[in-house]
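Hi,

Here is the structure I promised to pass on. Could you take a look when you have a moment? My notes follow below it.

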Amino acid sequence: MSNNVLVKILLYSLGVLSLFVLLYAWRNHIYCLNNQCISFFSFGVNVFYKNLSLFYLIVFWAGIDLIYIFYRVFLLYIHKRKFSMYQHPLVSVLIPAYNEGICIDKTLSSCLNQTYPNLELIVINDGSTDDTLQVINAFKEQNASYLQIRKINIKVIDQVNQGKAKALNSGKAEASGDFLITIDADSYLNAHAIEKIMVYFDKEDVGAVAGNVVALYQDSVLGYLQKIEYDLGVYFIRGSQSTLGNVIVTPGALSAYRKNALKKFEEGTLTEDFDSSIRILENGYKIIMAADAICYTQVPLGISDLIKQRIRWQQGSLEVFSKHSFHRKNFLVSIEWTLLFMFGFYSLFSKFIAFFAVPFFLFAGNYSALLFFVFSFFIYSVLSYGILFSIVAHYSNDEKSLLAIPLFVVYFNTIVLYSVLVAQILTFKGKDQSWGKIKRYHI
Amino acid sequence: MGKNQKIPYLSEVVFYFAKVFILLFVLNFLFSKTFFYNQPLILIFSIFASFSFNIFYLAMIVFGYIISFLVTVIVFGNFGLLVVYLFGILSNTVFMIIFFKYKYKFKEEQ
C-alpha cells in the first residue's frame, strides 16, 4: 500500500473518530444538565460547569482548528509558483556566535562545502567567554589554501557581548554582497542549501526566503518530538504561507535576505528573526519558503534547556506582538498575523484556562466528570494533531511520526504550556533574557 | 525525566498559582455581593490579574471585566455563555498587548 493511500485512510478515520467524540460530548452535556451536580463547595460548581461545559469548549476548539486546517490545506493545494534564477550574485553569509567553540568548525566546514560559487563568510564573535575566536582563527589558517582556490573570503569580527541582533548588524555593515544569509553557529548546511535558496530570489518583490530547518535529534525522544514540530512548521505552516508570500517567521538557523529589503536587523527583542521578517512584510516585500534548502540544527535534548529556549521564544513573540500589532500591514499579512496570534498565543491560553476548571470538579466530588474532561481533552488533542501530522507526513515522508502523537500531546505540549506561562510571568516582571545558554553537542 | 534535570522557574510558577487562588477567593467573595457576579469571568480575570499588580494593567482588567459582563448579559442574554469565555480571554490578551506596547515605548524613550 502506498504512503499516500495510508495517509488518506488515516485522515478519513480521524475525521470519523472526531465526529464520534463530538457526539459523545454532546450526550454527556445533556446528561450533566439533567442530573444537576450537588455542590458542597461555596464556589457553585454547578453554575461553573453549566457555563463552561465541555461540549462548548470542544466545539470552540474544533471549530477554530478545522477552519484553520482547511485554510492552510487550501493554500498548500493551490501552490503552483515556479522559480528560476541563473545568475550567481555575491552572497554574504553571516554567522553570529556566542560560546559556540564546540561546534562552529563544523558549521564553517559546511559553508565551505557549498556548491554556490560566489560567497563570503562573516563570522561575528559576540564576546564569547570560551575558545570560539581561537577555533575560528585556527579554522581559517588550516583552510587557507582551499579558501584561496574557491575565492572565499572569511571576515572575523570580534566585539563585546551585545546580543544577536547587534552582532548581525555589525556583520551586515561589513557585508559586500547584495544578499545576506544568516545561519546559526550550531547549524550545518546541506551542500546545495545556498544554491537552492538563492533560486527563489527570482523577482524583485521577494525580500527574504526562509530555509528548511531540520532538527538533529540524535536518537533522543525529546529531540524527535522537536523534529516533528519543526516539520509541522515547515511543511504545514510556512509551506502554506509561502503560497501568498506571507511567511511570518524566517528562522534564525537559515534565512536569506535581500539587502535592500532590510535596513537593519531589528534590535530590542529576543526573537530578532521574527521581528525582522515582520518588518520586511510591512515594507511591502514578500517572504517565501525554500523547502529544498536544508539546514540541520542542534536542538536542546534536556528538558530544562528546552524550557529555557521556549521561554525565550514566547517572550520574544510577545514583545514582537506588542511592537508590531498597531503597524500598518496589507490585508493578507494581517490574516497571517491574526492566525499566528490566535494559535501561538491566544489558543494556548484558552486551553490553559480550561485546565483551571479541573479543581472545580475536584471540589465538587464529581470525579467521573473530571475523568471524562481529561480523557476527552486528550482524545481531542490526539485527533487534531493526528490530522496535522498526517498532512505533514505526506510531504516529509515520515509516517513514523504518527506513532508519536500521544507522546507529543502529553509530554511535549505540557512542556510548551509551562514555558508559555513562565514567559508571561517573566515578561510582566520585566526580566529579559539575553543569548540562550543551551548545551551544545559535538557531532 | 533524566538525571540532573531541573525544571526552571518552578518556584515562580507555584507562587503564581498561589496568587491566582487567593485572587479567586477574594474576587469571588467581593463580586458575589454585586450585580456584576459571573463566575467564569472571575476565574479568567483572576488568572490574568495574577501576572502583574501594575495599576495600569489592573485598571484595564477591571474595565475588561465590566465590558465583557455587559456585552454578554445585556446583548446576548443567557445564551451568550460561550461568548463570556471567548470575549473575556480575547479582551484580556488584547489589553495585555496594549500594556506591553506602552511598557516598551517607555523603555525606548529612556
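**Cysteines and disulfides**

Counting over all chains gives zero disulfides. Please keep in mind that this is a predicted model.

Two cysteines of chain A show how this comes about. For A:Cys103, the closest cysteine sulfur belongs to A:Cys295 and lies 12 Å away, which is too far for a bond, since a disulfide needs the two sulfur atoms within 2.5 Å. A:Cys111 is in no disulfide either, its nearest cysteine sulfur, again that of A:Cys295, being 9.3 Å away. As for exposure, A:Cys103 is buried at a relative accessible area of 1%, and A:Cys111 is likewise buried, with a value of 1%.

**Two helices of chain A**

A:Cys111 brings us to a helix pair, as helix H4 of chain A covers residues 104–112. H4(A) packs against helix H5 (residues 132–142) of chain A at an angle of about 35 degrees, and their axes are 9 Å apart. The crossing is right-handed. Which residues make the contact? From H4(A) they are A:Ile104, A:Asp105, A:Leu108, A:Ser109 and A:Leu112, and from H5(A) they are A:Thr132, A:Val135, A:Ile136 and A:Phe139. Sorted by class, that contact has six nonpolar, two polar and one charged residues.

**A threonine in chain B**

Over in chain B, B:Thr72 sits in helix H3, which spans residues 55–75. Is B:Thr72 buried or exposed? With a relative accessibility of 2%, B:Thr72 counts as buried. Its C-alpha atom is 11 Å from that of B:Phe36, a residue 36 positions away along the chain.

Best wishes

How values were computed:
Residues numbered from 1 in each chain as written. Chains lettered and ligands numbered in written order. Predicted model: local features only at pLDDT ≥ 70, side-chain atom pairs only at ≥ 80, totals over all residues. Heavy atoms only, no water. Buried < 20%, exposed > 50% of the residue type's maximum accessible area, 1.4 Å probe, protein only. Helix = DSSP H or I, 4+ residues; strand = E, 2+ residues; numbered from the N terminus. Axes fitted to C-alpha atoms, helices over the stretch in contact; angles between N-to-C directions. Left-handed = near helix turned anticlockwise from the far one by under 90°. Contact = heavy atoms within 4.5 Å. Nonpolar A, V, L, I, M, F, W, Y, C, P; charged D, E, K, R; others polar.
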